[in-house]
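Welcome, and thanks for opening the viewer. Keep the selection box handy, and let us walk through the structure together.

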Amino acid sequence: MRTPVPLGTTERLFGTLHRRMLDRGYEVPPWDRLRADDLDAEDVEIARSAWAARTVAEYRSMIVFGELIARFAEVGLPLEVTTAASRLLSDEARHTELCARVADALGGHAGFTLKPNDLRLHRNDLPAHLFVARWTTSMFCVGESASVAILRVLLAHAKNPCIEAVLRILLRDEILHDRFGWALARLVLPRLTDDEQEWLAADLAQTFAHYDRAHGASDSDAEDELCGDLGLAPARARSEAFHRRIDTVILPSLAGLGVPAYEAWLLRTEV
């Protein structure tokens, strides 16, 4: 099954600019080395599903970045912030394309779709400064920052040279996204009032709950033998990396910007 992400264009200009923006300065993964025929079929299916899920998640991140950029002018952010953010938008397109190609090589995208609600953000009539603060905190300060730790674990377990190359590209970009996110947070979060910080903490508890469910579980011993050839890693290793990132980077950094992050982390179990 093909990816639900719309890929491919007959307009030469779009294709040329797309390739120029996504390929310049990046290594080309050795796609001919991604052969799943000699690997366990169950491992291949687990990996196919994981990469197909990543494809949708990366596309969703691109949508979030696009809507964030659209609100920057309302918040009065400098032009340089928008220019820098546009780089991240193209990075997410790169990630979407790479993950889709890996999933294709492993058997396709069966079981994964994009629903209309996945293609836009629900703004709930938030004023621009709260909209930007909310998504800066959840997408960047938690999501992208945690992704750096998880990708390092996946890369450490990877054996296939093509998968290694893809993960190196993803990690290279995510490190930049993490830096951008904290720089953006330093611009927007100190502007919030005490009441707005409390509101953000309540929303942050839901964000923490989401990522804790995705990365925090460590009781799955059955995953210890997952095939690292295809970009998988044991749940315990991912969980340890996630919680270490939470404890050493995410919580203290958010708290330093005035967000009641430690309280939000404790509240995650109640949402």
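Which residue forms a salt bridge with R87? Select R87 and D173: these two are the partners, and their closest N and O atoms are 3.5 Å apart. Keep in mind throughout that this is a predicted model. R87 belongs to helix α3 and D173 to helix α5, so you are viewing a link between parts of the chain 86 residues apart. Colour the two by exposure: R87 is partly exposed, at 34% relative accessible area, while D173 is buried, at 0%.

**Stay with D173**

Now add R94 to the selection. R94 also forms a salt bridge with D173, with the closest N and O atoms 2.9 Å apart. Here again helix α3 is linked to helix α5, this time across 79 residues, from R94 to D173. Both R94 and D173 are buried. Add D91 as well, and you have a network of salt bridges made up of R87, D91, R94 and D173.

**On to helix α1**

Side chains of opposite charge can pair when their charged atoms come close. For another example, select E97 and R19, whose side chains meet in a salt bridge at 2.6 Å, N to O. E97 is in helix α3 and R19 is in helix α1 (residues 12-23), so the pair ties together parts 78 residues apart in sequence. Are these two buried or partly exposed? E97 counts as partly exposed, at 24% relative accessibility, and R19 is partly exposed too, at 33%. Across the structure, the count comes to 12 salt bridges.

**Into the nonpolar core**

In soluble globular proteins, nonpolar side chains tend to be buried together. To see the largest nonpolar core here, which has 78 residues, start with W51, F72, L106, L189, F208 and L254, the residues with the most contacts inside it. Then show the helices that give two or more residues to this core: α2 (41-75), α3 (79-106), α4 (128-157), α5 (161-188), α6 (194-215), α7 (235-256) and α8 (261-267). Which of them gives the most? That is α4, with 17 residues.

Zoom in on F208 next. Leaving out residues up to four places away in sequence, F208 touches V142, I246, I250, L251, L254, A261, A264, W265 and R268. Apart from the largest core lies another one, of five residues; select V5, V56, Y59 and I63, which are among them.

**Rings to look for**

The structure holds four aromatic pairs. Select F65 and F140: their ring centres are 4.9 Å apart and their planes lie at 10 degrees, so the pair is stacked. F65 sits in helix α2 and F140 in helix α4, so this pair ties together parts 75 residues apart in sequence. Both F65 and F140 are buried. Add F180 to the view, and you have the cluster that ring pairs link together: F65, F140 and F180.

For another arrangement, select F242 and W265. Their ring centres are 6.3 Å apart and their planes are at 50 degrees, so this pair is tilted. F242 is in helix α7 and W265 in helix α8, 23 residues apart. F242 and W265 are both buried.

**Last stop: charges over rings**

Select R71 with F131. The charged end of R71 sits over the ring of F131, 4.8 Å from its centre. Finally, pick R134 and W135: R134 lies over the face of W135, at 4.2 Å from the ring centre.

Methods: Residues numbered from 1 in each chain as written. Predicted model: local features only at pLDDT ≥ 70, side-chain atom pairs only at ≥ 80, totals over all residues. Heavy atoms only, no water. Core = buried A, V, L, I, M, F, W, Y, C linked by side-chain atoms within 4.5 Å. Buried < 20%, exposed > 50% of the residue type's maximum accessible area, 1.4 Å probe, protein only. Helix = DSSP H or I, 4+ residues; strand = E, 2+ residues; numbered from the N terminus. Contact = heavy atoms within 4.5 Å. Salt bridge = Lys/Arg side-chain N within 4 Å of Asp/Glu carboxyl O. Phe/Tyr/Trp six-rings, centres within 6.5 Å; stacked < 30°, edge-to-face > 60°. Lys NZ or Arg CZ within 6 Å of the ring centre and 35° of its normal.
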